[in-house]
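The following exercises are to be worked through with the sequence and the model in view. Please attempt each task before reading its solution.

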Amino acid sequence: MKQAAGILTATADGRVLLLRRADDDFRGTWAFPGGGVEDGESPEQAARREFLEETGREHTGDLVLWTRRQRDGVDFWTYLAPTPTGEFSPSLNEEHDQYAWAPRAEALDTYQLHPGVKVSLLKFDMTELDVAKAIRDGELTSPQRFASMWLFALRITGTGLAYRMQLKEFAWRDPSLYLNDHFLQRCAGLPVVLEHPEKRATLDAKEFAERIVGTIMLAYIQGEEVWGIARIYDPAVAQLLTEDVSTSPSVVMHEADANNKIPIGDSQHILIEGRPMLLDSVAIVGRGVWDQGGPPSGVQRADAASTTQHEDTAVMAEKETKAEEKAEETRSDA
């Protein structure tokens, strides 16, 4: 996937700098200053270089990751750079033929925007639910920083056939019992915990208090699996979720369906799971059943480094909090 990066420059009264493309397949569309990441560059370094090349102006101030989008073969990083001095006149290179300082609402309503620009402009007025939906729909990557939380896409459960290594049994989870609106509604507020309790299948008050690290706020179907957007507040847990970890649900089946085992050979059987009577929690684990013996796959992340860009999440949180504060000033003044 091609990597690219750009800078969203915003004034205090809500105007953003847009350049009209003149040299490629996106001729006539409006975009932020930006372009491809070159060998040996970080996305932030590329954004600064492209900004200088396309506006004639060097940006030496802070940059904070605003949005990241992986779609149509492009991994695009957009950085926010509020400009306290207001508008300036860029010196355009051959890649562009016009520039404009456009109010965000006008840009969204009347400009033909380059792919990915829209979600960056919309984010100024997004709620946490809007960001969660954008992650679900592939307009933003997981995770995304929002206010004091991180929003991660986590797998709640898979369906179909799986093998439980610890129990040495195959299990069949009927997709029709999970891939439906009723089950998605049951996922609202589902606790996200660190590891399952050792001595019980479900949480009690003590285990809940000791293990909970977040909750599911938006559940959705992705292929033959149920996924959800989790709110995570602890920087250490957010960092953990950018590493090689997965998820595992705690589900209690209806008693009438609990022992439906079909022998398939010497000391082997398939457990045909029945109706899920209780959806108790989803645990962060090293390896889950629904990884199907492969690498951990229960946490959706843009890449191994995720959006931390090799920074500690506490550092990232501080930088992004500043960006949110500046963005809030822009929202208030616009």
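Three exercises follow, each with a worked solution.

The model is predicted: local features need pLDDT of at least 70, side-chain atom pairs count only at pLDDT 80 or more, and totals for chains, interfaces and linings use all residues. Residues are numbered from 1 along each chain as its sequence is written, and side-chain values use heavy atoms, with hydrogens and water left out.

**Exercise 1. The hairpin of β16 and β17**

Task: Determine in which sense strands β16 and β17 pair, and over how many bridges.

Solution. Step 1: Locate the strands, which are DSSP runs (E, at least two residues) numbered from the N terminus; β16 covers residues 261–265 and β17 covers residues 268–272. Step 2: Apply the pairing criterion, by which DSSP must find at least two bridges between two strands. The two strands pair in the antiparallel sense, over four bridges. Step 3: Check the register; P263 stands opposite H269 in β17. Step 4: Inspect the turn, where two residues lie between the strands and S267 takes a positive phi near 60°.

**Exercise 2. The surroundings of G158**

Task: Establish whether G158 is buried or exposed, and which residues it touches.

Solution. Step 1: Place G158 in strand β9 (residues 149–158). Step 2: Classify its accessibility (buried means under 20% relative accessible area, exposed over 50%, partly exposed in between, with a 1.4 Å probe and protein chains only). G158 counts as buried because its relative accessibility is 1%. Step 3: List the contacts (heavy atoms within 4.5 Å). Not counting residues up to four places away in sequence, G158 touches R173, E224, E225 and W290. Step 4: Compare sequence and space; G158 and D291 are 133 residues apart in sequence, yet their C-alpha atoms are 8.8 Å apart.

**Exercise 3. Salt bridges**

Task: Find what the salt bridge of D291 with R155 ties together.

Solution. Step 1: Apply the criterion, a side-chain nitrogen of Lys or Arg within 4 Å of a carboxyl oxygen of Asp or Glu; the count comes to 24 salt bridges. Step 2: Examine D291 and R155, whose closest N and O atoms are 2.7 Å apart. D291 lies in the loop between β18 (276–285) and β19 (299–300) and R155 in strand β9, so the pair ties together parts 136 residues apart in sequence. Step 3: Check burial; both D291 and R155 are buried. Step 4: Look for shared partners; salt bridges of this kind join E38, E41, R49, E50 and E53 into one network.
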